[in-house]
Amino acid sequence: ITYVTNGIHAQTWLAPQMSELFDRYVGHDWVHYMDAPDLWAAIEAIPDNILWNTRRELKLALLQYLQDKARTRWAARETTPAHIAWSGTLFSPDALTIGFARRFATYKRATLLFRDIERLAKLLTNEERPLQIVFSGKAHPQDHGGKTLIQEICRHALNPQLAGRIAFLENYDMAVARY
């Protein structure tokens with residue numbers, strides 16, 4: 001298995017709280033030197049508790065967003081119990097949260113981690129180091145393979161063996177992506 005790396009515009013995708021943290025500890029011009037080793041050394045020097053608290057604040061905002069979205073859809077009768085199950089309402093702020101948000105195309109292998117459900121279930125339900133994964137994205141309207149990937153993720157999210165630790169956030173757009 002190899003990887004695909006695309007460039008990104010850091011100011012668009014980095015949370016404002018992280019940008020402020022980098023400005024404070026690295027300097028206001030960090031965005032112009034993102035490939036410089038000195039920059040990464042300065043980022044590594046950010047006090048762990050400060051970085052952790054910022055990340056936790058961002059995670060709590062994501063979890064609140066997931067819950068608010070599910071609650072709104074439920075109140076408007078725009079959802080089903082199955083949708084609620086894979087909307088992230090069971091997510092914990094104390095679990096490692098991995099996000100997979102992008103355009104769904106088969107070459108991106110969004111469902112690769114479901115090849116060994118037993119192993120995945122052990123990772124997701126580990127009492128000492130629990131894991132949870134939120135997926136979001138869209139397939140091109142003519143990409144039936146990409147649409148099938150989304151359907152497969154949603155089916156796995158309903159698997160009781162995975163303990164409500166897989167979520168799919170619908171209606172992906174720039175606002176959703178920022179979370």
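Of the chain's 179 residues, 35% turn out to be buried. The model is a predicted one, and its C-alpha atoms fit in a box of roughly 45 × 35 × 35 Å along the principal axes. About 11700 Å² of surface is accessible, with carbon and sulfur atoms accounting for 54% of that. As for charge, there are 21 positive and 19 negative side chains, and the centres of these two sets sit 8 Å apart.

On to the fold. The chain holds 8 helices and 3 strands, strung along the sequence as α-α-α-α-α-β-α-β-α-β-α. Contacts reach a good way along the chain: taking those between residues at least 6 apart in sequence, 73% link residues at least 24 apart.

Then there is the nonpolar interior. The largest nonpolar core has 21 residues, and the members touching the most others are Phe 104, Phe 114, Phe 135, Ile 153, Leu 162, Ile 166 and Phe 168. Two or more residues each come from helix H6 (117-124), strand E2 (131-136), helix H7 (144-157) and strand E3 (166-169). H7 is the top contributor to this core, supplying 5 residues. A second core, of 11 residues, lies apart from the largest one and includes Phe 91, Val 134, Ala 167 and Tyr 172.

Phe 104 gives a closer look at the packing. Leaving aside residues up to four places away in sequence, Phe 104 touches Phe 135, Ile 153 and Phe 168, among others. Its contacts also include Ala 110, Leu 149 and Ile 150, along with the polar or charged Ser 136, Lys 138 and Asp 143.

Note on methods. Residues are numbered from 1 along each chain as its sequence is written. This is a predicted model: local features need pLDDT of at least 70, side-chain atom pairs count only at pLDDT 80 or more; totals for chains, interfaces and linings use all residues. Side-chain values use heavy atoms; hydrogens and water are left out. Helices (H or I, at least four residues) and strands (E, at least two) are DSSP runs, numbered from the N terminus. Buried means under 20% relative accessible area, exposed over 50%, partly exposed in between (1.4 Å probe, protein chains only). Contact means heavy atoms within 4.5 Å. Accessible areas come from the Shrake-Rupley method with a 1.4 Å probe; for residues, only the protein chains shown count as cover. Lys and Arg count as positive and Asp and Glu as negative; His and the chain ends are not counted. The place of a charge is taken as NZ of Lys, CZ of Arg, CG of Asp or CD of Glu. A nonpolar core is a set of buried Ala, Val, Leu, Ile, Met, Phe, Trp, Tyr and Cys residues joined through side-chain atoms within 4.5 Å.
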